[in-house]
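Visitor: I am new to this structure. Could you show it to me and explain the words people use for its parts?

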Amino acid sequence: MFQTLPNNRDLFPVCLAMSLTLIIVLLAFHFKANKAFNQIKSQQLLITVLKSLSIFLFGFALAMFAAKKQIDNRLSNQYEGKELLLQGKIQNIPNATEEGVRFILNVDKAELINDVANDKDNNSVNNDVNNADSKNTQNIPIDLKGKVRLGWFRHQQLVNAGEKWQFKVRLKRPSGFMNPGSFDYEKWLFTERIIATGYVRKSQTSNKRLEESKWYSINRLRQTIHETIQQNVENKSSAAVLSALTVAVRTQLDDRQWALLQQSGTSHLIAISGLHIALLASFAFLPIMLLWKLFPRLNERVPVRIAGSIMGVVFALIYAMLAGFTLPTQRALLMVVIGVWGLNSRKNHDSTTVLAIALILVLLLDPLAAMTISFWLSFLAVAIILFFIKRQHQKPRWMMVKLQLLISLAMLPLTILFFGTASLTSPVANLVAIPWVSLVVVPLSLLALIVMPVSTALSDLLFKIAAVAIDYLFEGLELIDGTMLSKFYPAEIPISFLVLAFVGLLYLFAPKGFPARWLGAVLMLPAVLFSPDKINHGEFTYTMLDAGQGMASVVQTSSHTLIYDTGTKASESFDVGKLVVIPYLRSKGISNVDTLLVSHEDIDHRGGAKYIHDNIPVTEVISSDPSVLENAKVNACEGSKKWQWDNVDFEILSPPAVYPQNDNNRSCVLKVSNGYHSLMLTGDIQKLAENDMLDNYLETNPEKLKTEVITVPHHGSKTSSTVEFIEAVSPKIGLITAGYRSRFGHPKPEVKKRYESRGVTLMNTAHHGAISLHFPAKDKAIETKSYRLTNHGFWSR
């Protein structure tokens, strides 16, 4: 088994984390708090060490087996881009947008559509094919079972959760952008057990509903509740929050809502978390206590505590079902069940023991849980609460305030690590938001669900009252967002520094009398004082971001920043400016942009410009398209314009002031140089612009075209990169920005051959992720880094 796993060092930390966690839990069981270590006999210590080693090996093997199984289940390379016929059940609530619908299909049958059958489906079969042998038109069964994430665009049929469908699709292996500071989409797909992504192909015969959803389908019920909320609650922002809190549908939340929740540190409240499930389980005690009080003889048969616990578990189970039994919800439900067991057990189990048992069971049921953010945040939050309560010999004043302060501060390093941001106002925001959501919004929402089958009018009224409560919540978050402390985006701090800061915070909150608590502040210093590496005067760096089929890149000098192109914007939820560029800038500690240069008007180059301009200070905007940004002054991109930053020269080589109305050939071509090295950014120029540049510079100033590094024009399209242009530029490195398995097929084989035959080293974002180059201010080699190669996880393609 060890030999068949990918040869990747990143699998080891996950297995190690699980193994060490199990060992720590075992030691916690063995070494009780009232035992001194020197009282333990050597034989007993040896047995404990052997047990720990056994647990370590077991945990390591279990985690490795789970990872290997998931890797093997993913779509095989040989089926990428091929037309497949899938049958399966719609698992989640489909996310319908103006562009189409996205959903997860749990595949139970898959076939490879051969060319002949595919041609028939497209009504393009000639007589010879019609007379072909029948076995040539049979689809080929393939081994593909599991969850597939699909998009169905420009369709007319309704897709509902719980239904069984057949689709003609094209798939690819789980893939995502790889950039500093950005969300690891491939890792998320891996932890969600998604084996492929793709889209539904147009077909009048293949795409069809095979079976309606069953009347008892939980997902169908969830979709009905979601649609009812969306139809009956007028304020769509509030309706989006209600859907998130009742049936775990968070796709309707808009950008402003997410921004407010993240910047105030309250986004955890919108998830159906352990807090909400535990709260609902606690509420279940109330009717039981009332009933047992009215009929005391019931207590003789079943003690009120046990009856209430059973009802609490039932309520928690129902709520988890409404949430779709997602992995985080399953963990929360398990923690509630173990907690209830601990309270009702005849043995007096310590709260930390109950937490440890829950932790072990979660890891045994889902060995890859340690890869998820929610796993660490939920268990660490509970552990911090227990740590705080245990250190109190008597109930202190303002206990809840102090507890919330401790949780918020302790979670600060973790939120920076996981999300790249932190809110210094989160203690205040959570102090108000947690009881407001937990005691007002959630109970009203769930009560509306309970009465829905009895009275639709009363249910609608309760939903509307809950919506008003949500409005008040976001009004408060708006007030908090107006403060300077609500937005804190530190640079990408090393993990080791953040771990030290987390330990230091806990050390500071150790019980009174604990020796040298001030050392906690010392442990926090590396994270507090950290700053990114500085760029020396005369040097510059260039990062071509992984933006798929589009272009987004950043040039930095010692004290200035230029953005060249901003990637695409396919929809409100898919904006490269929001998903890639802004997170990258924040991870590098960049708080303002001197120049935003949009090469031309194509959406895959200008799509993220508005979001960037609205979310970070921009001094100047340059483009060949004056309408690239509304309500902003756009300076024209014209040849011969030049400037200097920190002894680094910038010059626009094309287009001239007057140019034909061809958007690609009007791309701004920018050359950056420092006397030792040079870089040329070419946008989407084609042969016409390339020839014009040759005419303008080849005879009068050929050195102006000479460049060490070039961004290959138009993503490597065959419309560009003529032999004459490549030879005039004479680059050593060519950078290509292209999407993984893009339908455009960039870069074209003949274009790659032109560069490689002339000794040019090509790097492609589809295979390298973000590509960073450092240009020193001396006659020294350019340093290149591939983010995908240096940060490749065992889950990565």
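Guide: Gladly! This is a predicted model. Let us start where Ala281, Ser282 and Phe283 of helix 9 meet Phe285, Leu286 and Pro287 of helix 10.

Visitor: What makes that a contact?

Guide: Contact means heavy atoms within 4.5 Å, and the residues of helix 9 that meet helix 10 are Ala281, Ser282 and Phe283. By class, this contact has five nonpolar, one polar and no charged residues.

Visitor: Why is helix 9 called roughly parallel to helix 10?

Guide: Two packed helices are described by the angle between their axes and the distance between the axes. Here the axes of helix 9 (residues 274-283) and helix 10 (residues 285-294) cross at roughly 10° and come within 4 Å. Angles under 35 degrees count as roughly parallel, so helix 9 is roughly parallel to helix 10.

Visitor: Now the strands. Which strands are the edge strands of the sheet 17-18-19-20-21-22-23?

Guide: That open sheet has seven strands, and its pairing is mixed. Its edge strands are strand 17 (642-645) and strand 23 (761-764), each pairing on one side only. From one strand to the next, the twist averages 20°.

Visitor: How do you know that strand 19 and strand 20 pair?

Guide: Two strands pair if DSSP finds at least two bridges between them. Strand 19 (residues 669-673) and strand 20 (residues 678-681) have four bridges, in the antiparallel sense. Val672 stands opposite Leu679 of strand 20.

Visitor: What makes strand 16 and strand 25 edges in the other sheet?

Guide: The order there is 16-15-14-11-10-9-24-25, an open sheet of eight strands with mixed pairing. Strand 16 (635-636) and strand 25 (783-786) each have a single partner strand, so one side of each is left without a neighbour in the sheet. Further in, strand 14 (residues 593-598) pairs with strand 15 (residues 618-623) in the parallel sense over five bridges, and Leu597 stands opposite Ile622 in strand 15.

Visitor: How many cavities of 30 Å³ or more does a search of the whole structure find?

Guide: One. The largest cavity has a volume of about 30 Å³.

Visitor: Why is it called a cavity?

Guide: Because a cavity is a set of points where a 1.4 Å probe fits but cannot get out. Among the residues lining the largest cavity are Met544, Met551, Asp684, His714 and His715. By class, the lining has four nonpolar, five polar and one charged residues.

Key
Residues are numbered from 1 along each chain as its sequence is written. This is a predicted model: local features need pLDDT of at least 70, side-chain atom pairs count only at pLDDT 80 or more; totals for chains, interfaces and linings use all residues. Side-chain values use heavy atoms; hydrogens and water are left out. Axes are lines fitted to C-alpha atoms, for helices over the stretch in contact, and angles run from 0 to 180 degrees between N-to-C directions. Helices (H or I, at least four residues) and strands (E, at least two) are DSSP runs, numbered from the N terminus. Angles under 35 degrees count as roughly parallel, over 145 as roughly antiparallel, 65 to 115 as roughly perpendicular and the rest as oblique. Ala, Val, Leu, Ile, Met, Phe, Trp, Tyr, Cys and Pro count as nonpolar, Asp, Glu, Lys and Arg as charged, and the others, Gly among them, as polar. On a 1 Å grid over the protein atoms alone, a cavity is a set of points where a 1.4 Å probe fits but cannot get out, and a pocket is an open set with protein on both sides within 12 Å along at least five of seven lines; lining residues have an atom within 4 Å of a point. Grid points are joined across faces, edges and corners, and a volume is the space filled by probe spheres set on the points.
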